[in-house]
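Work through the exercises below with the sequence and the coordinates at hand. Each task is followed by a solution in steps.

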Amino acid sequence: MERIKIDALLKSEPVGEKKLVKGWVRTKRGSKSVNFIALNDGSCIHNLQIVADTENFSEEVLRKVTTGAAISVVGEISESKGSGQSVEMIAEEIEILGVADSEKYPLQPKKHSLEFLREIAHLRFRTSTFGAVFRIRHALSFAIHDYFNKNGFYYLNTPIITGSDAEGAGEMFRVTNFDLDNIPKNEEGKIDFKEDFFGRETNLTVSGQLEAELGAMALSQVYTFGPTFRAENSNTSRHLAEFWMVEPEVAFADLKDDMDLAEDFLKYIVQYALDNCADDLAFLENRIEQEDKQKPKDQRQPMSLTEKLKFIVENEFERVTYTDAIDILRNSKPNKKKKFNYLIEEWGADLQSEHERFLVEKHFKKPVILYDYPADIKAFYMRQNDDDKTVAAMDILFPGIGEIVGGSQREERLSVLTEKMKDFNIPEEEMWWYLDTRKYGTAPHSGFGLGFERLVLFVTGMSNIRDVIAFPRTPGSAEF
Ligand code: 4AD
Ligand code: MG
């Protein structure tokens, strides 16, 4: 008999038919005469209730049906008398595929804290919460490819190991094949990278943008979607040392086109989740509501998860210049509790996530696109505006998250770009390939980067970025 997944079974409700299911036991309860087994196979948030009359099975088999065990069951589907599910399976055969010693199995049939589950990231997929998170993560990544495919973008795979620092922020992890106990040095006592595998200094990429620009200058519209790495202090609930970034790059597009693309793209993806992940979203929404009940009123979520997602889809994003945003922050009242004073902001300073969230959640009550940032706080490749003080950059701010997207129009004018590189101490000879696109057939072009985990964080309503990537890399953590 062919196995049916629980999702398909619950959707088709084949009452009266005999079916085969396989999965992992979530709970077992019951009496002397009957056992109720909740089985989950990862295909959906729901468990299938399996009813096993004790007289039909050996005591040994039923003893091995414990939380975490893998089992295979054949039985007839019948209408369920209990509430909560429409159908159940009346077991005829139960095979134990893999036992899970209930004395030792770390996942007990009770609610575990997310902190505890992070320590057993290899098993946390088996909880309802993480099942929902990873199914939604999958759906979002599918939606991203779907959006770009429908809109004429080509998926470009940019290198993980690279010789350049795209953001010029120096937050890179080095890559080398050197024997660390015996690093070759030159006469000046400096590391001799000629001896290295690549014959030069290399690092893990911080962004695929520069290479995506090369692709866009021929294919017109490309996007990357791959892992990126930052050796920054990522001990926050919004930062990872290894995260996935989505980076579209478009030729013949200016900053306004870039903002239009980003807004349309984000709305499409969030709507896709609303349309395709209803059960998982409902589970997570309920989970957040239950947690909120334990919290003091002022710490509760101002919107339900569904309301938050609709907030993105239904609102036109507010587009505000950095300069206007600074004025708003300066003129706003300081936070009552004085935990954070919005008045301190000066023109030229980088906004902190508290500022960003204030603008979105308190001031505009809409998703916000901030643009035209001071040149000094942004990367070298951003296009200089006519005021000579600002660059054509934009950040998109979401409630609860702050910056979710960062993008810009790129500096396509060779002389302006090389001047800028001098100011930023970026040697021209290292970037000859990048400058070639400005020498040969240069054209206005723009793009942005979406932090994929920040998107998953937003859509699932989880509160820590470590809980939306399977195996988080943060300072001091690189197990598995
Ligand atoms: O703003 P960032 O640094 O921009 C770039 O890397 C550009 N090259 C993108 C481009 O224009 N193609 O990063 C883009 C986004 C941020 O808005 C944020 O969502 C996410 O990447 N991000 C991180 N996510 C998780 N952990 C980190 N340490 C992150 N750093 C950035
Ligand atoms: Mg940024």
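The exercises go from the whole chain to helix packing and then to single residues.

**Exercise 1. The chain as a whole**

Task: State how many helices and strands the protein chain has, and what share of its residues count as buried.

Solution. The model is a predicted one. Its protein chain has 13 helices and 16 strands. Of the 480 residues, 38% count as buried. Along the principal axes, the C-alpha atoms fill a box of roughly 85 × 60 × 45 Å. Among contacts with a separation of 6 or more, 68% join residues 24 or more positions apart.

**Exercise 2. Helix 4 against helix 6**

Task: Describe how the axes of helix 4 and helix 6 cross, and list the residues that meet.

Solution. Begin with the axes: those of helix 4 (residues 128–150) and helix 6 (residues 255–276) come within 9 Å and cross at roughly 135 degrees. Helix 4 is therefore oblique to helix 6. The next step is the hand, and this crossing is right-handed. For the residues, helix 4 contributes Ile136, Ala139, Leu140, Ala143, Ile144 and Tyr147, which meet Phe265, Tyr268, Ile269, Tyr272, Ala273 and Asn276 of helix 6. Sorted by class, this contact has eleven nonpolar residues, one polar residue and no charged residues.

**Exercise 3. Helix 4 against helix 7**

Task: Repeat the analysis for helix 4 and helix 7, starting from the angle at which they pack.

Solution. Helix 4 and helix 7 (residues 278–293) pack at about 135 degrees, and their axes are 9 Å apart. Helix 4 is therefore oblique to helix 7. The hand of this crossing is left-handed. On the helix 4 side the residues are Ser128, Thr129, Ala132, Arg135 and Ile136, and on the helix 7 side they are Asp280, Phe283, Leu284 and Arg287. The class count gives four nonpolar, two polar and three charged residues. Ile136 is listed in the contact with helix 6 and also in the contact with helix 7.

**Exercise 4. Helix 6 against helix 8**

Task: Find the hand of the crossing of helix 6 and helix 8 and the residues that make the contact.

Solution. The axes of helix 6 and helix 8 (residues 305–314) come within 9 Å and cross at roughly 145 degrees. The crossing is left-handed. From helix 6, Leu266, Lys267, Val270, Gln271, Ala273 and Leu274 take part, and from helix 8, Leu309, Ile312 and Val313. These residues divide into seven nonpolar, one polar and one charged. Ala273 appears here and in the contact with helix 4.

**Exercise 5. The two faces of helix 12**

Task: Determine which residues of helix 12 are buried and which exposed residues are on the face turned away from them.

Solution. In helix 12 (residues 432–439), the buried residues are Tyr434, Thr437 and Arg438. They lie on the same side of helix 12 because their arc around the axis is only 100 degrees. As background, residues three or four places apart in an α-helix point the same way, because there are 3.6 residues a turn. The face turned away from the buried side carries the exposed residues Trp432, Trp433 and Lys439. The buried residues pack against helix 5 (209–219) and helix 11 (414–423). Just after helix 12, Gly441 has a positive phi of about 70 degrees.

**Exercise 6. Positive phi outside glycine**

Task: Locate Asp388 and Asn425, and decide whether each is buried or exposed.

Solution. Most residues other than glycine have a negative phi. Asp388 is not a glycine, yet its phi is positive, about 65 degrees. Asp388 sits in the loop between strand 13 (368–374) and strand 14 (390–398). Asp388 counts as exposed because it has 8 C-beta neighbours inside 10 Å. Asn425, also not a glycine, has a positive phi of about 60 degrees. Its place is the loop between helix 11 and helix 12. Asn425 counts as exposed, with 8 C-beta neighbours inside 10 Å.

**Exercise 7. Surroundings of Asp257**

Task: State which residues Asp257 is in contact with, leaving aside its neighbours within four places in sequence.

Solution. Asp257 is found in helix 6. Asp257 has 15 other C-beta atoms within 10 Å, so it is partly exposed. With those sequence neighbours left aside, Asp257 is in contact with Val250 and Ser446. Between Asp257 and Glu213, 44 residues apart in sequence, the C-alpha to C-alpha distance is 16 Å.

How values were computed:
Residues are numbered from 1 along each chain as its sequence is written. Chains are lettered from A and ligands numbered from 1 in the order in which they are written. This is a predicted model: local features need pLDDT of at least 70, side-chain atom pairs count only at pLDDT 80 or more; totals for chains, interfaces and linings use all residues. Axes are lines fitted to C-alpha atoms, for helices over the stretch in contact, and angles run from 0 to 180 degrees between N-to-C directions. Helices (H or I, at least four residues) and strands (E, at least two) are DSSP runs, numbered from the N terminus. Angles under 35 degrees count as roughly parallel, over 145 as roughly antiparallel, 65 to 115 as roughly perpendicular and the rest as oblique. A crossing is left-handed if the near helix is turned anticlockwise from the far one by less than a right angle, and right-handed if clockwise. Two residues are in contact if their C-beta atoms, placed from the backbone, lie within 7 Å. Ala, Val, Leu, Ile, Met, Phe, Trp, Tyr, Cys and Pro count as nonpolar, Asp, Glu, Lys and Arg as charged, and the others, Gly among them, as polar. A residue is buried if 20 or more other C-beta atoms lie within 10 Å of its own, exposed if 12 or fewer, and partly exposed in between; C-beta atoms are placed from the backbone. The arc is that of the directions from the helix axis to the C-beta atoms.
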